[in-house]
Amino acid sequence: MQIEIDSGSGFCFGVTTAIRKAEEELAKGTTLYCLGDIVHNGMECERLKQLGLITIDHEQMADLHDVKVLLRAHGEPPETYELARRNNIEIIDATCPVVLQLQKKIKRQFEAGGPSIVIFGKPGHAEVMGLVGQTGGNAIVIAHLDDVKKLDFSHDIYLYSQTTKSLDEFHRIISYIQEHISPDAHFQSFDTICRQVANRMPNISKFAARHDLILFVCGRKSSNGRVLFEECQRVNPNSHLIEGAGEIDPSWLEGVSSVGICGATSTPKWLMEQCREFLLHNS
């Protein structure tokens, strides 16, 4: 049986940087806290926990003083930095540069006043909360094309996107707004989708098409992973989302001569390699 790991899958630049910063701090023997899961992958979080990384939420951070806290690639709203200043917390900032630029752009636009700021993103997602925080909670979040119909098209609209959303859906949203915006209102869209993520869509389509079976390795909380897995399923219905080798059903391998293993921007290479080892010993 032929087994191929997709060379384009695995951690994106932002996640790689966050994990490297965490490992460097932990290697010094530092007590290091991370605000939220460093990556949407349970097994990678567990590996770092074994190295000493302590994951906390915002409530727990409020009770901490004189410690180091790592901010993951997703970014944080201004209130988090203010809390750190008050509690004398040293921030290890691993916010992805792409996300950081987007935060700054939205903040500048909000402070300039005028148009409604609309963000195409997943409500409650860490990155989206960080973006909305730049507007003091005033930005409107739309999760899907259907949500666009609720917008007030008589007012000026500036549209941004969470960096890991679908480029195709973003363009459909732009078209809908252009068709419905009042002639007296101004509309402008800003393509803020990360190309390192967006380019994985066509690449993963080709990868999924050339194998009998696709094992998409991904944490179930990954927003980016869900989008990529759905594309795999569209191209190859014989695609399965798994969090690790332990979820592989041997019956999937019956009559299969070619298996493709791929994953999200939050999937570590070592986890995909574990799945390959499982297949080698069970095929």
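These legends walk through several close-up views of one predicted model.

**View A. Four strands line up in an open sheet.** The order across the sheet is 7-6-8-9, and the strands pair in parallel. Strand 7 (140-142) and strand 9 (187-189) are the edge strands, each with pairing on one side only. On average, and ignoring direction, neighbouring strands are turned by 25° against each other. As background for this view, strands of a sheet pair through backbone hydrogen bonds, in either a parallel or an antiparallel manner.

**View B. Strand 6 sits beside strand 8.** Five bridges join strand 6 and strand 8 in the parallel sense. To find your way along this pair, start at Ile 119, whose bridge partner in strand 8 is Tyr 160. Then look at Phe 120, which stands opposite Ser 161 of strand 8. Helix 5 (residues 97-112) packs on the sheet here and touches both strand 6 and strand 8. The direction of helix 5 makes about 165° with that of strand 8.

**View C. Strand 8 is mostly covered.** Five of the five residues in strand 8 are buried. Which residues point which way from this strand? Ile 157, Leu 159 and Ser 161 point one way, while Tyr 158 and Tyr 160 point the other way. Buried residues are thus found on both sides of the strand.

**View D. Strand 8 is linked with strand 9 in a right-handed unit.** Three bridges pair strand 8 with strand 9 in the parallel sense. One contact point to look for is Leu 159, which has Ser 189 of strand 9 as its bridge partner. Together with helix 8, these two strands make a right-handed β-α-β unit.

**View E. The largest nonpolar core draws on strands and a helix.** This core has 18 residues. Those touching the most other members are Ile 142, Val 148, Leu 151, Phe 153, Ile 157, Leu 159 and Ile 177. Strand 6 (116-120), strand 8 (157-161) and helix 8 (167-180) each supply at least two core residues. Which of the elements gives the most to the core? Helix 8 does, with five residues.

**View F. Val 148 and its contacts, seen up close.** Val 148 belongs to the core shown in the previous view. Setting aside neighbours within four places in sequence, Val 148 is in contact with Ile 142, Phe 153, Ile 173, Tyr 176 and Ile 177. Among these partners, Ile 142, Phe 153 and Ile 177 are also listed with the core residues that touch the most other members.

Note on methods
Residues numbered from 1 in each chain as written. Predicted model: local features only at pLDDT ≥ 70, side-chain atom pairs only at ≥ 80, totals over all residues. Heavy atoms only, no water. Core = buried A, V, L, I, M, F, W, Y, C linked by side-chain atoms within 4.5 Å. Buried < 20%, exposed > 50% of the residue type's maximum accessible area, 1.4 Å probe, protein only. Contact = heavy atoms within 4.5 Å. Pairing = 2+ DSSP bridges. Axes fitted to C-alpha atoms, helices over the stretch in contact; angles between N-to-C directions. Right-handed = clockwise from strand over helix to strand, strands pointing away.
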